[in-house]
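Open the model in your viewer and keep the selection panel at hand. The tour below goes stop by stop.

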Amino acid sequence: MANIDYSEKIPNNVRLSEDRTLQRALEQWQPNYLNWWSDMGPDGSQGFDVYLRTAVSVDPQGWAQFGHVKMPEYRWGIFLNPADPARKIHFGDHMGENVWQDVPGEYRANLRRIIVTQGDTEPASVEQQRHLGLTAPSLYDLRNLFQVNVEEGRHLWAMVYLLHKYFGRDGREEGAALLERRSGQQDNPRILQAFNEETPDWLSFFMFTYFTDRDGKFQLCALAESSFDPLARTTKFMLTEEAHHMFVGESGVSRVIQRTCQVMNELRTDDPAKLRAAGVIDLPTIQRYLNFHFSVTIDLFGADQSSNAATFYSTGLKGRYEEGKRADDHMLKHDSYKVLQVRGDALVEQEVPMLNALNEVLRDDYIKDSVGGVERWNKVIEKAGIAFRLKVPHKAFHRSIGTLADVKVAPDGRVVSEAEWNAKINDWLPSQSDRAFVASLMGRVVEPGRFANWIAPPVMGINRQPADFEYVRFN
Ligand SMILES: [Fe+2]
Ligand SMILES: [Fe+2]
């Protein structure tokens, strides 16, 4: 079960060859996927040999294999964690019943929507990142970008498999539409707004993989609890791959900070103008990027009060983060949760029924998790003997979804006037000139072992390769 059949056109561990209809449908989707990859995948990279990991098993011990591959020849496939025949539904109205191996008719529309929404983010991020290879700060970073890209492609496969296998013709239509929407396109955009934003430079990329891929982690964790067992099993394996994406983000930002601090100490200055002249990214600019990516990402969890969230939970479609570890009744009908409300010019907490606040619960879990890495970034600054500290903004800052979308809030949580917001916006979010400056640093560094001036080398190579390893061969 754990081993993946690589002799087939579509590598899989779901005995695809035993279901000819499904196999044929997916084999028809496959060339469309490859066309999408060639149109919207990493720019100009088709012929490169990239040192990638490929899943060869879903066994947590040794699931991946490393080697140079041309990306269009990457073995995208369908990998689910093994089924547990004794698994029971462990939350919501169906608690205690057997998990579903098929889609219950009454939940079909909601499950389809959940799977499509998750699936849509995967190709979206590849589209958002498609030009970054042209300005990679090193071969190591270029390889990491491509690794993230091929795995997001695989996550799309994971969702399309579910759509094809369990949703018939509707599922096949959704599978086709996933290759048709385009990030940032006006008439046919990706479903969620953060996936229509640009990822124009590598600082944005690292922030995106730290913050936005972590949203992915929390959504996948919630889906890994699902009563629809194939969804739970596929998202569990996706989480194994996802960890690397967040590592790329956390270590990437950390290396930018490390390099900036080094130059701050060499020049004995914290003057952004002087640091910029020396070709590194000043810490206040890093803070503004952080503010942007954090606030855009926490919108992804949806409205603070949502009857859909309540329905998804009660019907057993989507659990909470670490549902199994929580010591409550897993029904939540009599519980409440605090959400923020605007009253006059202040934010006040209000108790609302927990079931309706489950988006907020997941958002708060996410916030706790994302603060951890920011503290590790601060350790780098502290170690350099510099007083500056990074901070995630208040969760009401720069929001576009839910109650908080109606109010202007400073990063410190003060409700501010429109006038103050407009006067301070360039201190709080990256300005045109911040973005232009960061863009001006982006130049391609592809000599093995060399790194752009604005970022420190990593502590260790991928798969313990030496510093000057040729992660990408251009041919
Ligand atoms: Fe993903
Ligand atoms: Fe990811």
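How many of the 21 residues of H2 are buried? Select residues 108–128, helix H2, to see. This is a predicted model. In H2, 15 of the 21 residues are buried, so the rest of the structure largely encloses this helix. Check its length too. At 1.5 Å a residue, H2 should span 30 Å, and its end C-alpha atoms are 30 Å apart, which agrees.

**Helix H1**

Now select residues 20–40, helix H1. Its 21 residues should span 30 Å at 1.5 Å a residue, and the end C-alpha atoms are indeed 30 Å apart. Show the side chains of Ala 25, Leu 26, Trp 29, Tyr 33 and Trp 37, the buried residues of H1. An α-helix has 3.6 residues a turn, so residues three or four places apart point the same way. Next, add 139–166 and 168–178: helices H3 and H4 are among the elements that cover the buried residues of H1.

**H5 against H10**

Two packed helices are described by the angle between their axes and the distance between the axes. Select H5 (residues 202–223) and H10 (residues 358–383); they pack at an angle of about 135 degrees, axes 10 Å apart. The two helices are therefore oblique to each other. Their crossing is right-handed. From H5, pick Tyr 210, Phe 211, Arg 214, Asp 215, Phe 218 and Ala 222; they meet Leu 362, Asp 365, Tyr 366, Asp 369, Ser 370 and Gly 373 of H10. Colour this contact by class: six nonpolar, two polar and four charged residues.

**H5 against H8**

Keep H5 and swap in H8, residues 283–298. Here the axes come within 9 Å and cross at roughly 30 degrees. With angles under 35 degrees counted as roughly parallel, H5 is roughly parallel to H8. This crossing of H5 and H8 is right-handed. On the H5 side, select Leu 203, Ser 204, Met 207, Phe 208, Phe 211, Thr 212 and Asp 215; their partners in H8 are Tyr 289, Leu 290, His 293, Phe 294 and Thr 297. By class, the contact of H5 with H8 holds seven nonpolar, four polar and one charged residues.

**Two loop residues**

Most residues other than glycine have a negative phi. Which way does the sign go at Glu 322? Its phi is positive, near 50 degrees. Find Glu 322 in the loop between H9 (307–314) and S3 (336–343). It has 12 C-beta neighbours inside 10 Å, so Glu 322 counts as exposed.

Last stop: Asn 463, in the loop between H12 (432–441) and S5 (472–473). Phi of Asn 463 is positive, near 55 degrees. With 13 C-beta neighbours inside 10 Å, Asn 463 counts as partly exposed.

Terms used. Residues are numbered from 1 along each chain as its sequence is written. Chains are lettered from A and ligands numbered from 1 in the order in which they are written. This is a predicted model: local features need pLDDT of at least 70, side-chain atom pairs count only at pLDDT 80 or more; totals for chains, interfaces and linings use all residues. Helices (H or I, at least four residues) and strands (E, at least two) are DSSP runs, numbered from the N terminus. The expected span of a helix is 1.5 Å times one less than its number of residues. A residue is buried if 20 or more other C-beta atoms lie within 10 Å of its own, exposed if 12 or fewer, and partly exposed in between; C-beta atoms are placed from the backbone. Two residues are in contact if their C-beta atoms, placed from the backbone, lie within 7 Å. Axes are lines fitted to C-alpha atoms, for helices over the stretch in contact, and angles run from 0 to 180 degrees between N-to-C directions. Angles under 35 degrees count as roughly parallel, over 145 as roughly antiparallel, 65 to 115 as roughly perpendicular and the rest as oblique. A crossing is left-handed if the near helix is turned anticlockwise from the far one by less than a right angle, and right-handed if clockwise. Ala, Val, Leu, Ile, Met, Phe, Trp, Tyr, Cys and Pro count as nonpolar, Asp, Glu, Lys and Arg as charged, and the others, Gly among them, as polar.
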